[in-house]
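Here are some questions and answers on how terms are applied to a structure. Look at the model first, then read on.

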Amino acid sequence: MADRAAVLLIDPKYPFNVGGALRACAAFGAESPEWTGDRVHTEGVPRLPREERLRGYKDVRMGRLDGGDVEAIGLHTGPPEPFTPVAVEFRRNSEPLPLFEHPERALYVFGPEDGTLPGAVLARCHRFVIVPTMHCLNLASTVNIVLYDRLAKQGR
Ligand SMILES: C[S@@+](CC[C@H](N)C(=O)[O-])C[C@H]1O[C@@H](n2cnc3c(N)ncnc32)[C@H](O)[C@@H]1O
């Protein structure tokens, strides 16, 4: 199975949250972001802040998914080559990122800037990872750190 990393944002609050995740995906070779919810609404590509509209991003597939959060995860977890859904959240009993072995095909699921991953989303995730910080990070920082860690552990 091909090595693939995708990013799913649950109900992001602002376009610049999506823009920050887009930048991280483009930089580290991940193939999304996609997102759920009604707060960043678009026809096609959202109007991202100017600094997030760089030419190199055009290869990154992105878009808002209709339907609920659970359905959005389901889109990536079916056969023939399912992604492993990984909840990235600031919560106890998650695997600390430095010790985390990334799945070959990982769907990293992130919560909104003003909230946390809902229980129904956590229930659908197979792995749980925390960046061991003193306090919660912002969303884009977390996406960058997780994707960098994946790349670093692949020795690339
Ligand atoms: C800014 S945080 C949520 C803020 C917080 N729940 C609040 O309202 O005060 C947004 C998302 O970033 C991710 N995140 C932030 N810090 C993290 C950490 N240290 N470990 C894992 N995920 C983190 C999680 O996906 C989280 O849902």
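Q: How much space lies in the largest pocket of this predicted model?
A: About 240 Å³ of space lies in the largest pocket. The lining of this pocket has 18 residues, and those nearest its centre are Glu89, Phe90, Cys136, Leu137 and Thr142. Two elements, β7 (127-130) and α4 (139-153), each give two or more residues to the lining.

Q: What makes a residue part of the lining of the largest pocket?
A: A lining residue has an atom within 4 Å of a grid point of the pocket. For the largest pocket, 18 residues are counted as lining.

Q: Which classes do the residues of the lining fall into?
A: The lining of the largest pocket divides into ten nonpolar, six polar and two charged residues. Phe, Cys and Leu count as nonpolar and Glu as charged, so Phe90, Cys136 and Leu137 are nonpolar, while Glu89 is charged.

Q: Where is the ligand with respect to the largest pocket?
A: The space taken by the ligand is the largest pocket. Around the ligand there are 16 residues, the closest being Val88, Glu89, Gly115, Val131 and Thr133. The shell holds eight nonpolar, five polar and three charged residues.

Q: Why is the pair formed by Leu137 and the ligand called a polar contact?
A: A backbone N or O atom of Leu137 lies 2.9 Å from a nitrogen atom of the ligand. The cut-off for a pair of N or O atoms is 3.5 Å, so this pair is a polar contact.

Q: What makes the pairs at Gly111 and Thr142 polar contacts?
A: At Gly111, a polar backbone atom is 3.0 Å from an oxygen atom of the ligand. At Thr142, a polar side-chain atom lies 3.4 Å from a nitrogen atom of the ligand. Both values are within 3.5 Å, so both pairs count. Of the 580 Å² that the ligand exposes when taken alone, the protein buries 84%.

Q: What is the omega of the peptide bond that joins Pro79 and Pro80?
A: Omega is about 5 degrees, and the bond is cis. Pro80 is found in the loop between α2 (69-77) and β4 (84-88).

Q: What is the phi of Asp11, and where is its place?
A: Asp11 is not a glycine, yet its phi is positive, about 50 degrees. Its place is in the loop between β1 (4-9) and α1 (15-28).

Conventions. Residues are numbered from 1 along each chain as its sequence is written. This is a predicted model: local features need pLDDT of at least 70, side-chain atom pairs count only at pLDDT 80 or more; totals for chains, interfaces and linings use all residues. Side-chain values use heavy atoms; hydrogens and water are left out. A residue is near a molecule or strand if one of its heavy atoms lies within 4 Å of it. A polar contact is a pair of N or O atoms within 3.5 Å; within protein, one must be able to donate a hydrogen and the other to accept it, and residues adjacent in sequence count only if both atoms are side-chain atoms. Accessible areas come from the Shrake-Rupley method with a 1.4 Å probe; for residues, only the protein chains shown count as cover. On a 1 Å grid over the protein atoms alone, a cavity is a set of points where a 1.4 Å probe fits but cannot get out, and a pocket is an open set with protein on both sides within 12 Å along at least five of seven lines; lining residues have an atom within 4 Å of a point. A molecule sits in a cavity or pocket if more than half of its atoms lie within 2 Å of its grid points. Grid points are joined across faces, edges and corners, and a volume is the space filled by probe spheres set on the points. Helices (H or I, at least four residues) and strands (E, at least two) are DSSP runs, numbered from the N terminus.
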